[in-house]
Structures are given as C-alpha cells and as structure tokens.
Amino acid sequence: MKRALALVLICIMALGLAACGTSGGGDGESSANEAFEARLNDGVNRIGFAMADITGQAPQREADAFRAKAEELGFDDVMILSAENSVETQISQIRDMITAECDVICIYSADADGVVPAVQSCNEAGIPVIAVDRGINGGEILCSIASNNISDGRDVANYFGLMTAGESEDSVKVLHIIGNLSSTAQKERADGFRLGCESWGQLTIVDEVATEADADRIYNAVVDAFRATPDIKAIFVPYDQLLSSVVSALQEIGMFYPVGDERHVMLGAVDGATEQLEWLSAGTNDISISLDFEGFGSEAVTAAWNYMQGQSVAETIQTTSIPVVAGNVDYLAGNGYLWGLSK
Amino acid sequence: MCDGGTINMTKRILPGRGINYLKPAILLIFAVYIAIRVPIFFSPANLISVISQGAVIGVASIGMSMVILAGEIDISVGAIIYCTGAIASEIFIETGNLPFAVLAAIASGALFGAINGFGVAKLKIPSMITTLAVSNILSGLGSIIIGSDSTLAAGSAYKVLSQTKILGLLSSSWIYLLLFAVFAVVICKTRFGRYIYAIGDNQDALRASGIRVDRVMMAIFILTGMLCGVGGLIATSRLGGTQFNLSLGTEVYCIAAVVVGGISMSGGRGNIGGLFLGVFIVAALDNLLRLMSVNVYMYNVIWGIVIFLVVLLDVLEKTQKTRGVRRISLNLNKNQEKER
Amino acid sequence: MEQDAYLVMRDIHKSFSTVEVLKGANFSVKRGEIHGFLGGNGAGKSTFMNILGGIYSKDSGEILIDGEAVEFSSPMQAIQHGISFIHQELKLFSMRSVADNIYMSRLPQKGPLRLIDDKKKNEMAREWLNRIELDIDPRTVVENLSIAEQQMVEIAKALSHQAQIIIFDEPTSSLTKKETEILFRIIRKLRDEGACIIFISHKFDEVFEICDRVTVLRDGRDVGTVAIRDTTVDELVSIVIGVKLDQYYPELNVIPQEQIALEVRGFCNDKLKNVSFSLRRSEILGIFGLVGAGRSELARAIFGLDACQSGTVIINGEATRITSPSAAMKKGIGFLTEDRRGEGLVLGMDINNNLNLPVLSSLTVPVVNFLRAKRMGRNTQAAFERFHIVARSPNQRVKELSGGNQQKVVLAKWFLTDPEIFILDEPTRGVDIKVKAELYEQIVNLATAGRSVIVISSEAPELLGICHRILVMRNGEIAGEFSRADATEEKLVKCAMGGQ
C-alpha cells in the first residue's frame, strides 16, 4: 500500500517534469529557426559529419572528400566523428555537435532507427540534418544522399541472370547473404537483388541467411548452405569486404574455382573496394558495383552550403553507381571512375 | 576418465530422480527430430564441418572448463580471442612471418590471462569483475590494433594455419582435437588438474593442504589466455584476417558448451569428457539453425532460450544434489562452537 | 606435570585487535593419553587449539614437541610437525574421492609425464582406512559418506601424515550413539598406539567416558588439570563455570491450559510418516529422538520450510495451510532452526540488524519505509540485557561472535517477534552451562506468559528438566509419549532407539 502510494507520487512527479519539458519545446518551430539564423550569423561556419565508422577505405574516402569539399567551399570548421558502429556513441556525438554549434550536421547513421532521437534533438535546436550513405527512419531530414541501393542490388542480379541466360527454369541456385538488418542501404540492396532475381526465370534464391555482417557467421553460413544445397551457382553479399569470408569458406569446402572454370560459383557484391576490384581481374569474383563514396561526401557538403546560402535543396540526391566486371575494370580504373583503384 | 567425476554417476542414477535422464533424453529426442527434419545434418561432410566450426569455441572452452571447475568464470574469453587474433593477423600482414604471428598470439594470450589471474588470485577481485574489466579493455585494444586497415587482407598464406586438410579434417580441427586430448590428460591425470577440481570444491581445504591456491588459479587463467590465443589464431586464419568485433561474445557459447558438457557452474564437479560433447552440441546447434535457415532475430531468441534452459538444468541438478547434502551439512553445523 | 609430556604449550598469549583472548594459557599432553579440553563459550578454547593447529600464530609463549621448541605459521607446517586438527566442520573435498582427500597434498605420480598414479594412491589410502577399520572403497566420493565416515576419513588423513598429536573438536556433535562408540574405539586404539589425543567437548558424559585427564580453560587461562578418575561431574562443572551452580533447571510451576494452541494431523512427506500431535497453551512440549529421526523435519514442515504431501495444521481451532515461513510467522509461529549459521543468521550483518530482521516491518515509518533506528536500538538493548550477549557493540558483525553468542542472538531475534507458538530446535546447542540455565528460564517464562513452546533436543536431561510432556520420534514417526511424571532418561532413549 505504502509502496503503491510512493509509486503514484513518483509518477506524478515524472509527469510534471515531462509537462515542463514539452511546454518548453512547444514553440520550438519558430525559436528553432531563430536559433539557426543566430548560428549562421555567429561568424563561424561549422559543419559536422557523424559517421557510423571511419575504418575501411570507403568511409575514409567519404570523409576525405567531405573535408576537401568543405574547405573548398569555405567552411571555417569541419567536425568529423566516428561512432565505431555504436548507435549510442553516435547519438552522444551528435549531441556534442549540437553543443559545438554546428550549422549543419551530416549523419552517416549507425542505425537508421536508433539515431532518430539525436535527429530530433537537432530539429529542436534548429540544425538541419543531412542523411549520408544510409537513410534515417525518422525526424526531419533536410536531404538524403545515397546511391540507388535498389538498383545496385538489382544490377548484380541482372548480371547473374545475363551470364546464365538460357538455362532452364529455376536451375541456377543463388545464396543470398544478408548483412546488417539495421542498415537501410543493405536492406534496399537485398530488396533490389530479390527483384532482379525474380525477373530472371532461371534464378532461384535457395537460401537467405542473416549474418549481421559478421565475418565468422558468413563463413559458417556459406559452408552450411553448401551442405544443404551442394549445387549453389551464385552468391550475393551486401558489400565487398564480406566476400573474403565467402572465399575462405568456399576454399574450405573445396568449392572455390576461378571464373571460367565451369564449377565456378559466381560472386557479386556492392561497394567497389580495392581488394575486390583487383580480384575481378584475377577471376575470383564476378561483379562489384562501385559506389560514389567521394560523391556522398562532397554532395553532402554542397547541399549544406546551398542551404546555408538560402537556396533550396532537393529532398533526395542520388549518386551514380558503376557496375564493374572483369571486362571493364581496366578502362574504368584508367579513367579514374573507380574510387577503389584511383591513385 | 577422472576418478571423481565418473563415480558420481553411479550414485546419481537413482530411481525416481528423473533429472539424470533428462539431458540424454532431450538429446536423443532432438537427434531423432533432426535426423527426420534435416537429414543433411548427419552427413559426414557436415559433421566434419561442425567440428571445424566448433574449433574456436572448443579451444576456448577447454580454458573455460578449467576456470569453471575452479569455481570461477572468465568472461574475457571472447575479447582475448578478438585481441590476440588482431595481433596475430596484423603481425602477419606486416611481417609475413607465420611462426612469429603464432608466437605473438599465444604470448599475448598468456599475458592477458595473467592479468585476469593476477586480479583474481592476488588482488582477490571476483573473477566476474576482473574478467569483465579485462574484456572491455581488450575489445577496445583489439579495435585500436586493427585501426583503419583493410581487415581481411592477411591472404592465403595465413590461412594455411587452419585450412590445411589433413586426413580429411582441417588443421583447425586437428589443433582443437590435439589440445583437447592434451588437456583432458592434464585435467584428469595431473596434480595440477586435481587441484583445479579441489579449488572449486573447497579452496580452504586445499590451502590447508599446503597448496599455493593463488598460483594454481594464476596458472588456470594464464592457460585459458593461451588457449584463447590459439582460438584467436584459428578464428582469424579461417577468415584470412580479422574484422571489427570478431568473436566478441564467444564466452557465452563457451559457457554453454561447458555447462551442456555437464560441468557444474558452481565448480568442482564435472567430467572433461563431457565437454567434447558440449562443444559439439553448441557448434551443431549453430549449424542446424543455419541449415534450417532460421531468421537472425529468431536465431538470437533460440540461443537465449537454449542458454537459459541449460543453466536451469544445471541449477536443477544442483538443488537435487544439495537437498541430500544439506541434511548432512545441517548435522555438521550442530553443536558447533566457534570461539574467539 | 610437564616432565613426561610430549606436547607442552607454555604461557600462550593471543590478542585479536584489542581483545586479549588468551592470557597466558598452559597445556601439556603425554603420549598415549586422551586429554579432554573444556571451557565455556568465549573461554578461548578454539583460539588456543587453532594456535596448535597452525591456523593462528601466537603472540608469545612457546610450544614444545618432544622437548623441542617448534614454530609454525600454517596448518601445513603444523601437520609436518605431526599435529592434525580434525575440525568440527570437516575440511574435506566433498566432491572428490576418499583417496584424493587423504593424499591431496602429495598425490603420487608415475612415469616421465608425472601423471597421477591413481592405483597406487587408492592402495595406499586403503591401508590407512584399514588401520582405522573403515570398510569403504577409497574411490567413494566423500559427499556420499555419512558424517561419521567423513570424520573417519579425516582421521585416516591425519594418520597418513604420521600425526602424533590429533585434536578432535567436538567430534561427536553429529554422530549417532553407535557411531560415537565406533569413534571412541578408534580414538582409544590410537591412544594405545602412543598418540596424543586432545578431545574438545561440551558433553561431560563423553568426557568422563573417554578422557584420561582434563584441562579446563576459563577466561583465557588454564584453571586446572585433573585426572578423570579423581573428579566428579559436579566438580568439573564448577571448574568450568567458576562458581558452583545450585539449580540448573528452573521450577516448572505453570500448568498448561485446556485450550489447544496447535494441532498437527497426519503429516506425511518423505521424512515424516503420519505424524499427529497437539500442543496446549502454556505448554512446553519436548520432542526427543536421535539424529535423523525426523524431529527437525517435523518442525520444518510445520513452519513451511519443507513441503508436506498430506496433513493439516489447526491453530487455535482453525485449520490452516502453511506453505511458507512467512505464512507461518503470520499465524504466530516462531521457529529457531538448528542450522543457525545457514538459516538463523545473516552472518555478514551486525547484531543490531540481525536482531530486528523479523520485526522490521513494525519498525518502519509508513510510506517512505525508513527504519526507526531508535526503536531498533531499544530492542537490541533489551535483547543484550535479557540474553547477556557478549559483544564489542551492537554493531559488531555476527560472523565475529563466538558460537554461543551467535545462538543467543538467534534466540533473542525470535523472542522479539513474540510469537504464540515457539518451536525451538536444539536451542542450547553449543551454549555453555551458564547460558543454558538462563535459556531454560526464558523458556519457562514464555510458558508462564501463555505461550506454547516445542523444544526439540537430543539431550534427554534437558527435556526432562523443562518439559510438561515429551514426544519421542523414531524413523519419522512418533514412537512414544511421556508425561513429565513418568518420563526418565532411560525410557526416552530406549523408545528413541526402538528398544521397547
């Protein structure tokens, strides 16, 4: 009884606090805009970029391009933080950026849903948010910059389809490795890949394994998938680096043959990472979709700049992806179209 | 195998104490179900790959079983594997010297184990806390070591370590089987092994027998660290390098394997032979969930339930035992008089 | 006295922080002698023997073995000097085999890999077991042995260490009569082989049965060594407590009322077979039986600690179901368990908190649940006075108290709750004579105040001294009922052992 009473008291207090909180943010809309104006005119143009992680080549390219573009356009300060793939870390980093009075915050989210509270904090503070690379599932987003993930996934499926054109119905068995379920980009790639497979009669996805992009799980998943279905002809993984595990696994079960061998298992992924592009010429894998990571970085800065100059900004900006296969890799690399093979 | 462990069984099988049959019965029913539902599971090729998939967990579980037999726990196992694996693959990428990488992994594993051992045996910090702290330190350290390098780039020369086929089994499986055989003898047939059981049984009595309990404890953690170092080598060499957060959380599977293997979480009781079965079951369950294409969220749910049930079983067994034991200890406490 | 002694301890001093426990105690034992060691609670017996066993180190004084001064700082060193301490709480590896227990400190090895030679170990262990006529397989796991057998294992271990001096700390406390006889036979055999036996006990009958001489410790000093032949129980008691005790048991003037406070009908579980009895108001009912006869199990079942398959409890004419201790407490039943360390006390907590634990809910301020510290203090103060608890302060941790004082705290704790029906399981166990007398008086006072009391004990004289009526249990059944007038110790024991 006493305890119940105490609970009720606590609830009332909590409600009271919440009420205070909401009333404080009630006229957020107008004050937020004022805040934005105020910051714009504080003499320092500061842009923040909260990245899920900065390890690996692709995000580094993204960060480098971001910094270069920002300096080129004349931002006074660039703040780039990596959250080591932890959404908690990312949220506190975004809060830090708000405190540091960034004029615009770009987010390459660690988790499309998890990061939403931080986006809302930005909204309350009147700081425009730009989603880069991966989408964000809530809050007010000024602009989303991404590649067309659906078409990236579909391109891989189409390549598999073309290469096996003429085979009988459902005869080409495909293993679909699913990566981070929290990444909208990877989810869309998976959707695109499925769409692509549907359009080719001979392609049939025999197994879809969720692996959370864990190398060890992917390895085991490939081994086990071949136990269940020994005649898998093609494997799709959501991004290039995960192919290493797949290759190791194929080697363990003796199913690894280079392109050209009739026992070859086709491997396709998205990203266009250096190692996997080099593999193309060696005949290890078949196709990689090179994404424009530098574009992500520079487009984000450009959008932010435009907004600060009072220009309108498109809700979504799509970068162009380039399908790379053994036949075109040298040409593309030679002309500097591939971030993975430039310099 | 061990004279204490096996004799237990003769007593435990008493009429009306169904728990003794519960584990084998569950296993049997499960096996039959699997044989019907996923026949591919019992194919030789799959069983072989289950053993190789269980190699990392297996090697680490040998260490975990010693720690648990001694009545302690080591939750830094996953982090040691991660960190030693990172050290080994980075060194290999830098120098290309495989023996050096192997040595570095095992030596750093020993060092990390020694830190655990020092905290538990000398500073008397509960092992749960010590190893949790070490776990956090090492998972951070591992990520620092990997840094921004391309992570799975050690190449095929590094894979030789675990991917060489010998008599139909991968070398990683052989490493595990060999280490298991060696440690089975160590645990069952040496003084050191007997002290491990004795620590988990009655530390004070062992101390009163003139044995340096802290040294034994230290040795247990160092060996566990070294075994995790081997685990790190296998894990990274299998993939041709390492990845962020690779193998973190492995300790949960190790604990599951140890408990499924019949080793009591409260220490002192259990047969090391059972551990082999425990590791196999844990690896097999993982394999089965994939063979059956279980959705990843469901996968986590199933694992959570399994671990819960396994620990529940351990608790049930313990209460069944102590019900008998308590009566005795009640009598023991009678008339006792402790003066100061 | 010391001339032909094998072990001599001279002028031993020992303090713990500021408390001086031993103030110059002397002790000597001859070869081939069983030497009793007596003393009240807090006399320093345990400390003294722990110094001999190498568990504590002395502050000053000397220990001579066979004329040579020795020093040791660990149990192992004491063992190496031929001293084995068989503790009341046995120090065994309960999950290991008998042979492992005997040889843990020096497991035999063989071969280049120095693997344990289990065969040799078992053979050697068997020899020691044979020497004490213990017919068990050395491979048996210790937890499967009875307490008596476990004790024998400790003795075998002591012998295997070539022990010349063996200390037994209350060895009979959990043994049956028959087991005690066997133990005594072994002890005598060891004596005849020339060992020095030190026998610590509270039980005078045993001391008279087995000891050759007795040394009494009081207040940290030895106050007398006598040959058993030349003394009497009364004389020994007066040495132990320092004064002559005229009346041991209080007068039982209160007459039970007609009203039945508690009735138990047809209790059955795996330890109890159809137990029924009733208890009237103001009545003190004794339950006598050997260890394992189901006495404690009956109490546990009534109090809701153990499950009952069938049976009813009627309290004040109202049938109730008791499934948990808290339910029992609500019905006005208080239970003093025999396992005070395990169930009666929170050892890590201080006396004040332990005492007030069962009555906490009445000591809290409503709504905010703050404790009323003053009232707690008052309770504690009263308990200290009533039970003569000896402690540094009410804030001393219970763990640090002597066994007798722990027992007083448990009793005081339950007296605070003031239940209608009191079940006391071995209330005077490990308590010295002086406190015992006080406890008996408290129990009688309870009855005078209209409470009903059940006293469970394996000491027949104490039940005869304070109970209106005595039930005897055997094998989970009530084997007999005796009124105060016609009960004798002989009848009770005979009935308990099934000799009617």
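Domain bounds, as I shall use them this morning, come from an automatic or database domain assignment. With that understood, the assignment for chain C gives two domains, domain 1 covering 5–241 and domain 2 covering 260–497. Please keep in mind throughout that this is a predicted model.

Let me stay with chain C for a moment. The centres of its domain 1 and domain 2, taken over C-alpha atoms, are 32 Å apart. Contact between the two involves 8 residues of domain 1 and 12 residues of domain 2. On the side of domain 1 that touches domain 2, there are 3 nonpolar residues, 5 polar ones and no charged ones.

Within chain C, I would like to point out a hairpin. Strand β11, residues 213–218, pairs with strand β12, residues 221–227, in the antiparallel sense, and 6 bridges join the two. Across this pair, V216(C) faces G224(C) of β12(C). The hairpin has 2 residues between its strands, and D219(C) adopts a positive phi near 55° there.

Further along chain C there is an open sheet of 6 strands. What is the order of its strands? Reading across, the order is β18-β19-β20-β15-β21-β22, and the pairing is mixed. At the edges stand β18 (333–336) and β22 (477–483), each of which pairs on one side only. On average, neighbouring strands in this sheet are turned by 20° against each other, direction ignored. At one of those edges, β18(C) runs parallel to strand β19, residues 421–425, and 4 bridges connect them. There, G334(C) stands opposite F422(C) of β19(C). A helix also lies across part of this sheet: α15(C), residues 433–448, covers β15 (284–289), β19 and β20 (452–457), and runs at about 150° to β20(C).

I turn now to chain A. Chain A is likewise divided into domains: domain 1 is made of 32–141 + 294–320, and domain 2 of 149–291. Their centres, again over C-alpha atoms, are separated by 33 Å. Here 9 residues of domain 1 are in contact with 8 residues of domain 2. The side of domain 1 that touches domain 2 comprises 2 nonpolar, 4 polar and 3 charged residues.

Chain A also contains an open sheet of 6 strands, in the order β2-β1-β3-β4-β5-β11, with parallel pairing. Why is one side of β2 and of β11 left without a neighbour in the sheet? Both β2 (77–82) and β11 (316–319) stand at the edges and have a single partner strand each, so one side of each has no neighbour. From one strand to the next, the twist averages 15°. For β11(A), one pairing is with β5(A), residues 143–147, which is parallel and extends over 4 bridges. Within that pairing, A146(A) has Q318(A) of β11(A) as its bridge partner.

Chain B brings us to helix packing. Consider α4(B), residues 55–69, and α9(B), residues 171–189: these helices pack at an angle of about 15°, with their axes 8 Å apart. The two are therefore roughly parallel to each other, since angles under 35 degrees count as such. Their crossing is left-handed. From α4(B), the residues A55(B), G58(B), V59(B), I62(B) and M66(B) take part, and among their counterparts in α9(B) are Y176(B), L179(B), F180(B) and F183(B). This contact counts 10 nonpolar residues, 3 polar and no charged.

A second pair in chain B is arranged otherwise. The axes of α5(B), residues 77–95, and α11(B), residues 213–239, come within 7 Å and cross at roughly 60°. That angle makes α5(B) oblique to α11(B). The crossing here is right-handed. Participants in α5(B) include I80(B), G85(B) and A88(B), while those in α11(B) include G225(B), G229(B) and G232(B). By class, the contact holds 7 nonpolar, 8 polar and no charged residues.

Finally, a contact between chains. Helix α8(A), residues 215–228, and helix α13(B), residues 272–291, have axes that come within 9 Å and cross at roughly 65°. This crossing is right-handed. The residues involved are N220(A), A221(A), D224(A), R227(A) and A228(A) on α8(A), and D286(B), N287(B), R290(B) and L291(B) on α13(B). Which classes of residue make up this contact? It divides into 3 nonpolar, 2 polar and 4 charged residues.

Note on methods: Residues are numbered from 1 along each chain as its sequence is written. Chains are lettered from A and ligands numbered from 1 in the order in which they are written. This is a predicted model: local features need pLDDT of at least 70, side-chain atom pairs count only at pLDDT 80 or more; totals for chains, interfaces and linings use all residues. Two strands pair if DSSP finds at least two bridges between them. Axes are lines fitted to C-alpha atoms, for helices over the stretch in contact, and angles run from 0 to 180 degrees between N-to-C directions. Angles under 35 degrees count as roughly parallel, over 145 as roughly antiparallel, 65 to 115 as roughly perpendicular and the rest as oblique. A crossing is left-handed if the near helix is turned anticlockwise from the far one by less than a right angle, and right-handed if clockwise. Two residues are in contact if their C-beta atoms, placed from the backbone, lie within 7 Å. Ala, Val, Leu, Ile, Met, Phe, Trp, Tyr, Cys and Pro count as nonpolar, Asp, Glu, Lys and Arg as charged, and the others, Gly among them, as polar.
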